[in-house]
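Hi everyone, thanks for coming. I'd like to walk you through a structure that is new to most of us, so let's get it up on the screen.

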Amino acid sequence: MSLLIKNGSLVTAEGIIEKDILIEGEKIKEVRAGTNSVDLPAGYEVVDAGGNYILPGIIDAHTHYYMKSRNSTTADDFFTGSRSAAMGGVTTFIDYADQKEDISLVDTFQDRCKKADGETVIDYSLHQTVSSLYPEIKDDLKLLREAGINSLKMFTTYKKEGLMIERANREKLFNLAREL
């Protein structure tokens, strides 16, 4: 898809500017002033945003879609949650891949992706929750980094539920994260 959004008031970190936006596929190709649609290659759809503000997409960095926790499940699944988010201007969300007891981080991550893929209506990423360390964790963390995971979550509470990382293991996890 090729798109020209013109005549809108573009809201940026620096202020509001009168610029046009050229989009190819899912990427902004260029932001420029006074684009003449006659100068565009064939195949561009033109949207006249005159009198409207053009806002950047919002990233919701903390969601819990279809998350099972303490004998309950959150109300929204990946479809309903991402659809609601999109209606509010969210273009990307970051959910959690919660490690389950005796399951590797990679298996947890892959399972979460299977639940999300094909269900979300916007882009997504995941934070990886670590609740236990095991001999192959360094290799698994490398694989997760290569898959795009760049944040880890650990609990310092919920010991009875098996989620808490013991103090000695926190330092090990921090050192692994720093190294990787």
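I'll talk about how some helices pack, then the core, and then a few single residues. One thing to keep in mind throughout: this is a predicted model.

Let's begin with helix 2 and helix 3. Helix 2 covers residues 105–116, and helix 3 covers residues 137–146. What is the angle at which helix 2 and helix 3 pack? The angle is about 30°, and the two axes are 8 Å apart. If you want to find the contact on screen, look for Leu105, Val106 and Phe109 on the helix 2 side. Across from them, helix 3 brings in Ile137, Asp140, Leu141, Leu143 and Leu144. Sort the residues of this contact by class and you get seven nonpolar, no polar and one charged.

Let me stay with Asp140 for a moment, which sits in helix 3. Is Asp140 buried or exposed? Asp140 has a relative accessibility of 11%, so it counts as buried; the cut-off for that is under 20%. Setting aside neighbours within four places in sequence, Asp140 is in contact with Ser104, Leu105, Val106 and Tyr134. Take Leu105 from that list: Asp140 and Leu105 are 35 residues apart along the chain, and their C-alpha atoms are separated by 6.4 Å.

Now turn to the other partner of helix 3, which is helix 4, residues 167–179. Here the packing angle is about 45°, and the axes are 11 Å apart. Because of that angle, helix 3 is oblique to helix 4. As for handedness, helix 3 passes helix 4 in a right-handed crossing. Helix 3 makes this contact through Ile137, Lys138 and Leu141, while helix 4 uses Leu173, Leu176 and Glu179. By class, that contact has four nonpolar, no polar and two charged residues.

Okay, on to the core. How many residues are in the largest nonpolar core? There are 15, and the ones that touch the most other members are Leu105, Phe109, Leu126, Val130, Ile137, Leu141 and Leu144. Helix 2, helix 3 and helix 4 each supply at least two residues of this core. Which element gives the largest share? That's helix 2, with four residues.

Ile137 is a good one to click on. Leaving out neighbours within four places in sequence, Ile137 is in contact with Leu105, Val130, Ser132 and Leu176. You've heard of Leu105 already, on the helix 2 side of the helix 2 and helix 3 contact, and of Leu176, on the helix 4 side of the helix 3 and helix 4 contact.

Let's move to some loops. Val121 is in the loop between helix 2 and strand 12, residues 123–129. Its relative accessibility is 45%, so Val121 counts as partly exposed. Not counting residues up to four places away in sequence, Val121 touches Phe79, Ser82, Arg83 and Ala86. And if you compare Val121 with Thr91, the two are 30 residues apart in sequence and 8.9 Å apart in space, C-alpha to C-alpha.

Further along there's Gly148, in the loop between helix 3 and strand 13, residues 152–153. Gly148 is partly exposed too, because its relative accessibility is 40%. From Gly148 to Arg32, the C-alpha atoms are separated by 31 Å, with their positions 116 residues apart along the chain.

Next, a bit of backbone. Most residues other than glycine have a negative phi. Which way does Asn7 go, positive or negative? Asn7 has a positive phi, near 70°. You'll find Asn7 in the loop between strand 1, residues 2–6, and strand 2, residues 9–11. With 41% relative accessibility, Asn7 counts as partly exposed.

Tyr66 also has a positive phi, about 45°, and isn't a glycine. Tyr66 is in the loop between strand 8, residues 58–60, and strand 9, residues 68–69. At 36% relative accessibility, Tyr66 counts as partly exposed.

Last stop: Met87, in helix 1, residues 78–87. Is Met87 buried or exposed? Met87 has a relative accessible area of 72%, so it is exposed. Its C-alpha and that of Thr156 are separated by 35 Å, and the two residues are 69 apart along the chain.

That's my tour, so over to you for questions.

Definitions and conventions: Residues are numbered from 1 along each chain as its sequence is written. This is a predicted model: local features need pLDDT of at least 70, side-chain atom pairs count only at pLDDT 80 or more; totals for chains, interfaces and linings use all residues. Side-chain values use heavy atoms; hydrogens and water are left out. Axes are lines fitted to C-alpha atoms, for helices over the stretch in contact, and angles run from 0 to 180 degrees between N-to-C directions. Angles under 35 degrees count as roughly parallel, over 145 as roughly antiparallel, 65 to 115 as roughly perpendicular and the rest as oblique. A crossing is left-handed if the near helix is turned anticlockwise from the far one by less than a right angle, and right-handed if clockwise. Contact means heavy atoms within 4.5 Å. Ala, Val, Leu, Ile, Met, Phe, Trp, Tyr, Cys and Pro count as nonpolar, Asp, Glu, Lys and Arg as charged, and the others, Gly among them, as polar. A nonpolar core is a set of buried Ala, Val, Leu, Ile, Met, Phe, Trp, Tyr and Cys residues joined through side-chain atoms within 4.5 Å. Buried means under 20% relative accessible area, exposed over 50%, partly exposed in between (1.4 Å probe, protein chains only).
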